[in-house]
Amino acid sequence: MKRQLTHDDIRAAVYGGAVLGGGGGGFVERGLRTAELALQIGMPELWTADEFAAEDLTATVALVGAPAAPDPLVLPTHLLRALELLRRDLPRQLVAVHTNENGAETTINGWFHSAMTGLPVIDLACNGRAHPSSVMGAMGLHLVDDYRSYQGYAGGKPYAYVEGSVSGGLEATSNVVRRASVEAGGWVGVARNPVEVGYAVENGAPGAVSFAIELGRRFLAEGPAGVAAQLGGEIAAAGTVREYRCEQREGLDVGVAVLDDAAGTTLHFVNEYMALDLDSGRRAAFPDLITTFDENGQPLASADVEVGRPISVLVAPAGGLLLSTTMHMPEVYAPVEELLGIEFAPAAKAFTAA
């Protein structure tokens, strides 16, 4: 199916994405602004994957960086520049773009690109929830012999602006872009990792954008309780934040939030929430969805948590989400576990994908 994205889709996509962001995936207000701009300047289209030939070439559009960085700036023009740099270097023509993940800003990744270039957005994400590392969103390409990654990037305020393109091994190119985000003040827009549509369908999360829009409509109608019911989850904890630590390490937000409730609720995050501990025991771990809401029931990014703020915590099992094949791969968890100094991957892999 092919359809034009409309203003009715914007709030649902952004708020559904914010829930699926699990603490990461960008910020609601910026997502709303970018989506509104896309519809003001053009007519972005969302196509299901079956509208393409399996060998058609698509690429991921994404944001890379640390949400709590002190001085970031990624403008829609930066997003377009990143795509331009990627397309310049590719050996053959792109026919579409798709987002890397669901999040408040990332679910609408590609809408501005589509409005400006006419390329459709595929109703597909590399992963149907937000994740902290590029490899987690690379749909298993790190296991493909001789895969050559192409990445274009741009971002930063005028005095810190960087742009460029890089090609080579997946890990090496991703590290270059992550470092560029640090030099840019915290964020860059990226267009990367061209793959055939058939590969993306097999290894990514087809239907992820529609999934977020549907979830967002439920949230807008019923709040956190409604999305918990839709995802087969629950509000697992609530309290006031008594301790919060966050530092930028390797271009990521790494930290912990502790509530003042009787259970001593502790949230560990690397951009997204990676683990939730209650009563000194593990309640949930990535890729289970752990999402925080503020005192008004609005999705709250991990970067916006602060001491003295009342929050509630949603937990939903991974089996109710649309997830990439990478979520089954233990090697992608190791760098994140090292950043946090905790282990959580065994619990994270013990699920059946939806």
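Helices (H or I, at least four residues) and strands (E, at least two) are DSSP runs, numbered from the N terminus. The model is a predicted one, in which local features need pLDDT of at least 70 and side-chain atom pairs count only at pLDDT 80 or more, while totals for chains, interfaces and linings use all residues. Residues are numbered from 1 along each chain as its sequence is written, and side-chain values use heavy atoms, with hydrogens and water left out.

**Stop 1: R192 and N193**

Select R192, which lies in strand β8. Buried means under 20% relative accessible area, exposed over 50%, and partly exposed in between (1.4 Å probe, protein chains only). R192 has 3% relative accessibility and therefore counts as buried. Show its contacts next, where contact means heavy atoms within 4.5 Å. Leaving aside residues up to four places away in sequence, R192 touches A59, T60, A62, V64, L86, N100, S134, Y150 and Q151. For a distance check, pick M116: its C-alpha is 18 Å from that of R192, and the two residues are 76 apart in sequence.

Move to N193, also found in strand β8. N193 is not a glycine, yet its phi is positive, at about 50°. With 3% relative accessibility, N193 counts as buried.

**Stop 2: strand β3 and its partners**

Select residues 57-65, which form strand β3. Of its 9 residues, 9 are buried, so β3 is largely enclosed by the rest of the structure. Colour the two faces separately: L57, A59, V61, L63 and G65 are on one side, T58, T60, A62 and V64 on the other, and all are buried.

Strands of a sheet pair through backbone hydrogen bonds, either parallel or antiparallel. Here two strands count as paired if DSSP finds at least two bridges between them. Add residues 187-196, strand β8: 8 bridges join it to β3, and the two run antiparallel. To find one of these bridges, go to V61, whose partner in β8 is A191.

Now add residues 96-99, strand β4, which pairs with β3 in the parallel sense over 4 bridges. T58 has A96 of β4 as its bridge partner. Follow the chain from β3 through helix α3 (residues 76-89) to β4: this β-α-β crossover is right-handed. The term applies if, with the strands pointing away from the viewer, the path from the first strand over the helix to the second runs clockwise.

**Stop 3: helix α1 between two partners**

Two packed helices are described by the angle between their axes and the distance between the axes. Axes are lines fitted to C-alpha atoms, for helices over the stretch in contact, and angles run from 0 to 180 degrees between N-to-C directions. Angles under 35 degrees count as roughly parallel, over 145 as roughly antiparallel, 65 to 115 as roughly perpendicular and the rest as oblique.

Select helix α1 (residues 7-20) and helix α2 (residues 28-41), which pack at about 150° with their axes 10 Å apart. The pair is therefore roughly antiparallel. On the α1 side the contact is made by H7, I10, R11, V14, Y15 and A18, and on the α2 side by V28, G31, L32, A35, E36 and L39. The crossing of α1 and α2 is right-handed. A crossing is left-handed if the near helix is turned anticlockwise from the far one by less than a right angle, and right-handed if clockwise.

Keep α1 and swap α2 for α7: the axes of α1 and α7 come within 6 Å and cross at roughly 70°. This makes α1 roughly perpendicular to α7. The residues in contact include D8, R11, Y15 and L20 of α1, and F211, L215, F219 and V227 of α7. The crossing of α1 and α7 is left-handed.

**Stop 4: from α7 to the open sheet**

Helix α7 spans residues 208-230 and lies across β10 (234-249), β15, β16 and β17 (310-316), running at about 130° to β15. Display the open sheet of 8 strands, with antiparallel pairing and the order β14-β13-β12-β11-β10-β17-β15-β16. Its edge strands, β14 (281-285) and β16 (299-300), each pair on one side only. Strand β15 (residues 289-293) and β16 run antiparallel and are joined by 2 bridges. Select F293 to see one bridge, with P299 of β16 as its partner.

**Stop 5: two loops**

In the loop between β14 and β15, select P287. The peptide bond from F286 to P287 is cis, with omega near 15°.

Finish at E250, in the loop between β10 and β11 (252-259). E250 has a positive phi of about 55° although it is not a glycine. Is E250 buried or exposed? At 62% relative accessibility, it counts as exposed.
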